[in-house]
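The following exercises concern helix packing, a pocket and a peptide bond. Please examine the sequence and the structure before reading each solution.

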Amino acid sequence: MYLNYYLQQLRYIVYMAPVLLIAITAHEFAHGWMSERMGDPTPRADGRMSLNPFRHLDLIGTLCLLFFHMGWAKPVRINTRYYRDRRKGIILVSLAGPVMNFILAFLSILGSGLILRFGNATSELMQTLYLLCYYSAVMNTGLGVFNLIPFPPLDGSNVLEQLVPRVEYFYMRIRPYRTWILLLLLASGVLSRPLTMANSTILGGMWEIVEKVLGFGVQMQSQGGGTIL
C-alpha cells in the first residue's frame, strides 16, 4: 500500500519536473520579453532573457509549486523609466507571464486532444505524452491563475497597484512579511477552493474549444494528477 503511494508520488515528480521548469521559464521569459519590447534593456542585461530555467527559479516558490501546485519564480528586474507609458508598460509586463502560461496550457490541452483523437490508446509512448500534456495544462493554468492574485510579489499586485494607486501604501506595509503571509495562505488551504474553481473553469473552457476544433467529445481524463490545481 505505502509502496504504491510512494511510486505514484515518484512518477508525479518525474512528470512534473520538466513541466514545472518549462512553465516557470516561459513565464519569466515572457515578462522580460515584454519589458524589452517596451524599450527596457534591463532583463537582457541581467541575463533573464534566457531559456535556462535555473536563471529564473526561486527556491521557496518552486517548492510551493511542487507541494501546493501554486507558486512563483524569481521576479524579473525591470526599469520603468524606459517605458513611454509607465502605467501601461507595468500592466502589460505583469500580465505577460500569466498570459504565456495560459497559452502553454491551451497548447497542452490541444496536444491531449490530438493524442486522444489520433493516437494509439494502447501505446505506452502515447500514454506518456498524454500525461505530460495533462500535467502541463494543469501546472500552467495553476501558475497563471495564482500569479493573477493581487497580493505581492504576485503579478496581480502590480496590475492592481496601477489601477488603484491607493493600495500601494498597504503593499508597502506588508512588504517585509509578504512571503510568510503567502506561505500561510497556501499551507492553510484558504486559497485552494477558489483557485481550484478558477482553474477548473479555465481548463474546462479550453477543453470545450479543443473538442469543437477536433470535432469529438471526450472528457479529459485525470490519471494520477489529483485535483486540478
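Two residues are in contact when heavy atoms lie within 4.5 Å. The model used throughout is predicted.

**Exercise 1.** Determine how helix 5 and helix 9 are oriented to one another, and which residues form their contact.

*Solution.*
Step 1. Locate the helices: helix 5 covers residues 124-147, and helix 9 covers residues 192-214.
Step 2. Take the geometry: the two axes are 10 Å apart, and the packing angle is about 125 degrees.
Step 3. Classify the angle: 65 to 115 degrees counts as roughly perpendicular and over 145 as roughly antiparallel, so helix 5 is oblique to helix 9.
Step 4. Give the handedness: helix 5 and helix 9 cross in a right-handed manner.
Step 5. List the contact: from helix 5 come Ala137, Val138, Thr141, Gly142, Val145 and Phe146, and these meet Leu195, Ala198, Asn199, Ile202 and Leu203 of helix 9.
Step 6. Sort these residues by class: 8 are nonpolar, 3 are polar and none is charged.

**Exercise 2.** Describe how helix 4 packs against helix 5 and against helix 6.

*Solution.*
Step 1. Begin with helix 5: its axis is 8 Å from that of helix 4, at an angle of about 155 degrees.
Step 2. Apply the cut-off: angles over 145 degrees count as roughly antiparallel, and therefore helix 4 is roughly antiparallel to helix 5.
Step 3. Add the handedness and the classes: the crossing of helix 4 with helix 5 is left-handed, and the contact comprises 15 nonpolar, 9 polar and no charged residues.
Step 4. Turn to helix 6: the axes of helix 4 and helix 6 come within 9 Å and cross at roughly 155 degrees, which makes helix 4 roughly antiparallel to helix 6.
Step 5. State the handedness of this crossing: helix 4 passes helix 6 in a left-handed sense.
Step 6. Identify the partners: Arg86, Arg87, Ile90, Ile91, Ser94, Leu95 and Pro98 of helix 4 meet Asp155, Asn158, Val159, Gln162 and Leu163 of helix 6.
Step 7. Sort them: the contact of helix 4 with helix 6 has 6 nonpolar, 3 polar and 3 charged residues.

**Exercise 3.** Characterise the largest pocket and its lining.

*Solution.*
Step 1. State the volume, which is about 650 Å³ for the largest pocket.
Step 2. Find the centre: 25 residues line this pocket, and Pro75, Ile78, Ser94, Pro153 and Asn158 are the closest to its centre.
Step 3. Assign the lining to helices: helix 1, helix 4, helix 6 and helix 7 each supply at least two residues, and helix 6 gives the largest share, with 5 residues.
Step 4. Count by class: the lining has 10 nonpolar, 8 polar and 7 charged residues.

**Exercise 4.** State where Pro153 is found, and whether the bond from Pro152 to Pro153 is cis or trans.

*Solution.*
Step 1. Place the residue: Pro153 belongs to the loop between helix 5 and helix 6.
Step 2. Recall the general rule: most peptide bonds are trans.
Step 3. Read omega: for the bond from Pro152 to Pro153 omega is near 10 degrees, and the bond is cis.

Terms used: Residues are numbered from 1 along each chain as its sequence is written. This is a predicted model: local features need pLDDT of at least 70, side-chain atom pairs count only at pLDDT 80 or more; totals for chains, interfaces and linings use all residues. Side-chain values use heavy atoms; hydrogens and water are left out. Axes are lines fitted to C-alpha atoms, for helices over the stretch in contact, and angles run from 0 to 180 degrees between N-to-C directions. Helices (H or I, at least four residues) and strands (E, at least two) are DSSP runs, numbered from the N terminus. Angles under 35 degrees count as roughly parallel, over 145 as roughly antiparallel, 65 to 115 as roughly perpendicular and the rest as oblique. A crossing is left-handed if the near helix is turned anticlockwise from the far one by less than a right angle, and right-handed if clockwise. Ala, Val, Leu, Ile, Met, Phe, Trp, Tyr, Cys and Pro count as nonpolar, Asp, Glu, Lys and Arg as charged, and the others, Gly among them, as polar. On a 1 Å grid over the protein atoms alone, a cavity is a set of points where a 1.4 Å probe fits but cannot get out, and a pocket is an open set with protein on both sides within 12 Å along at least five of seven lines; lining residues have an atom within 4 Å of a point. Grid points are joined across faces, edges and corners, and a volume is the space filled by probe spheres set on the points.
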